[in-house]
Amino acid sequence: MTFLRSVVGKLWFTIIFLVAFILFILTVMLLEFFENNTIMETKNDLTHQAEKIAKVLESHPDEQFPLGLEISWEIIDEVTNVVIIKNDQEVYISPNTEKSVKLSVPDIRNDVELSKVFEENRTVEKVSRLSSNELKQDSAKHSIIGVPLHMNDGQNGAVFIYQSLEVVEETTHSTTNFILLVAGVAIILTTIFAFFLSTRITAPLRKMREAAFEVARGKFDTKVPILTHDEIGELATAFNQMGRQLKFNMNALSQEKEQLASILSSMADGVITFNRDGTILITNPPADRFLQYWYYEKGGPGNTSGEIPTEAMELFQRAVDTEKEQVGEISLQGRHWVILVSPLYSNRFIRGAVAVLRDMTEERVLEKMRKDFIANVSHELRTPISMLQGYSEAIVDDIAESQEEKKEMAKVIYDESLRMGRLVNELLDLARMEAGHIQLTLDEVNLHSFMNRIVHKFQGLARDNEIHLSADLENDIPNILFDPDRIEQVLTNLIDNAIRHTPQGGSVRLLVKTDDFGIKVEVSDSGSGIPEEDLPFVFERFYKADKARTRGRAGTGLGLAIAKNIIDAHRGHISVQSKIGQGTTFTFLLPRK
């Protein structure tokens, strides 16, 4: 069945069927023609012999009649029988006539057709079985020809000549066998020729089919050999040109796709492409960070439901309905984004939309920093200066009566001067870092021993505050290249902040794990959290979660800014996620060099 469904089978079967059908029609027509022609020639020959015998007998009347009979018997052949009726008393039968096939006078006289030779004096012919035959039903038919005989004595007789049609049937049978033999030979030769021809024709087609499957599997270099210069050769040439053009187009599409991916990944703005039903198709890294903030807002970092903020979905729906650009703004985790949603068209129909997310947090932070920087610096310096001035005046004015009180006031002045010195030094360090003058001493560090040492350093402080401090490091973390003193400064600041802002009975956890891009470190606590409106400013100078800016447990507000600059100097990234009453998580990534 597979062979018949193939092109070779169909072409071979079609040729065989057409040739067989034509030979069948031709054989039937030839057999009919030869049979009719043989019968006609037999009748004409018998008629000619009968007329010849009649002329011979008419030319030998009376005493010469026996000679005429002798001549007549010589004219006929072995398979031909003759009955000569001169009158009712004189009837002559050819010597070669057998008794079982003899045509009798009663048969002639009683037959309507044969008797017309005497009545109408004309030549008659008939095909019939002889009544004198004992096995009449099984006897062969005979062709009987009757010719009038005119004698000089005025009597009218007749010459009847007949011959069995078995001879004609034998001739027809021989002709039929010969024609069938020729037809069989023709069909066999046609079968061989058709199979050879169909194989020759379809061989290039099979090669093109195999090449087409190779091209479908992505092997665009596949070529079809050009074996002929006919239409199939032109088809092979066109196929090879199609493969080259397809390879060129695929390479062009691949380059455009890579170029588009590079452009999207290098964009500072987030890009999200939506399908018509609102399904997210393409995102770039800034857009992924935006969605991560949204997932954290909805239910924690493990949420990957694929949802987008309601405000963004409303902008998308309006853009699709109105076929116009829509602009909106959304705030998540203290960050602010401006969203521009534009419809995407496929010909004249909208097939989706593209959303461009511009993070405006930096601009908002800079604006706020410009307003708050002078106030923050003034506030930080005013308090120690005021205390220095007040206590020094008390000493000068001899308000302190005893030596112990003077020492206590001098101690306060000393502490405040140290505080001012530390503040100035941190400001100077921060200024150098922001100016790009930070010097890193890179070294390949074993993270397990490094992290355990830092955690051990804070265990005493954690126990004093009744806080559970733990470290969780993945197994088989590779060594990584960084400045251990600077990273220890970052971790010291993060863990110290976590302990200071976590109530008794809380927990602080250090998590270290590998990432596709490097090593990810998380410092999370179960403290009071950071208000959402303060999240954009936690890495800015003089930021304090303590709005009253009380001294004692509060720091200078420069630690996180310094930590951010250290991580940036390592070409890493630091971020924060927090919820009021649930805790805060600081995460920074150290990339592999």
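These are my notebook entries on what I looked up in this structure, which is a predicted model.

**Entry 1, the chain as a whole.** I began with the totals for the chain, and its secondary structure comes to 14 helices and 17 strands. Of the 593 residues, 39% count as buried, and the accessible surface of the chain comes to about 34900 Å², with 54% of that area belonging to carbon and sulfur atoms. I also looked up how contacts are spread along the sequence: among those between residues at least 6 apart, 59% join residues at least 24 apart.

**Entry 2, the nonpolar cores.** I then turned to the interior, where the largest nonpolar core has 44 residues, and M451, L491, V512 and F588 are those with the most contacts inside it. Apart from this core lies another, of 23 residues, which includes I308, F316, V320 and I350. Which residues does L491 touch, if those up to four places away in sequence are not counted? I listed F450, M451, I454, L510, V521, V523 and F588 as the residues in contact with L491, and I note that M451 and F588 on this list are also among the residues with the most contacts inside the largest core.

**Entry 3, strands around β10.** I looked up the partners of strand β10, residues 349-359, and found that six bridges join β10 to strand β6, residues 270-275, with the two strands running antiparallel. Within that pairing, V271 stands opposite V356 of β10. Strand β9, residues 335-346, is also antiparallel to β10 and is joined to it by 10 bridges, and here L344 has G352 as its bridge partner. The hairpin of β9 and β10 has two residues between the strands, and in it N347 takes a positive phi near 60°.

**Entry 4, other positive phi values.** I went on to two glutamates in loops, and for E323, which is found in the loop between α9 (310-322) and β8 (326-332), phi is near 60°, a positive value in a residue other than glycine. E323 is partly exposed, its relative accessible area being 44%. E466 is found in the loop between α12 and β12 (468-473), and its phi, near 55°, is likewise a positive value in a residue other than glycine. Is E466 buried or exposed? E466 counts as exposed because its relative accessible area is 52%, and the cut-off for that class is over 50%.

**Entry 5, salt bridges.** The structure holds 10 salt bridges, and I looked up several of them. R453 and E488 form one, with their closest N and O atoms 3.3 Å apart. This pair links distant parts of the chain, since R453 lies in helix α12 (residues 447-464) and E488 in helix α13 (residues 484-500), 35 residues apart. R453 is partly exposed at 44% relative accessible area, whereas E488 counts as buried at 15%, because the limit for buried is under 20%. I also recorded that R453, K457 and E488 are linked in a network of salt bridges.

Where do D496 and R500 lie? Both are in helix α13, four residues apart, about one turn of the helix, and the closest N and O atoms of their salt bridge are 2.9 Å apart. I noted a relative accessible area of 23% for D496, which is partly exposed, and a value of 23% for R500, which also counts as partly exposed. The side chains of K116 and E113 meet in a further salt bridge, at 3.9 Å from N to O, and E113 is partly exposed with a relative accessible area of 34%.

**Entry 6, a proline in a helix.** I looked up P384, which is found in helix α10, residues 361-396, and is buried, with a relative accessible area of 1%. Leaving out residues up to four places away in sequence, P384 touches E416 and M420. P384 and M420 are 36 residues apart in sequence, while their C-alpha atoms are 6.9 Å apart in space.

**Entry 7, a nonpolar patch on the surface.** My last search was on the surface, where F13, F17, L18, F21, I22, F24, I25, V28 and M29 form a nonpolar patch with about 940 Å² of accessible area together. I25, one of these residues, lies in helix α2, residues 7-58, and is partly exposed with a relative accessible area of 35%. I25 can therefore count towards the patch, as its 35% passes the requirement of over 30% relative accessible area.

Conventions: Residues numbered from 1 in each chain as written. Predicted model: local features only at pLDDT ≥ 70, side-chain atom pairs only at ≥ 80, totals over all residues. Heavy atoms only, no water. Pairing = 2+ DSSP bridges. Patch = residues over 30% accessible without salt bridge, like charges linked within 9 Å, V, L, I, M, F, W, Y side chains within 5 Å. Areas by Shrake-Rupley, 256 points an atom, 1.4 Å probe, with all protein chains shown as cover. Salt bridge = Lys/Arg side-chain N within 4 Å of Asp/Glu carboxyl O. Buried < 20%, exposed > 50% of the residue type's maximum accessible area, 1.4 Å probe, protein only. Core = buried A, V, L, I, M, F, W, Y, C linked by side-chain atoms within 4.5 Å. Contact = heavy atoms within 4.5 Å.
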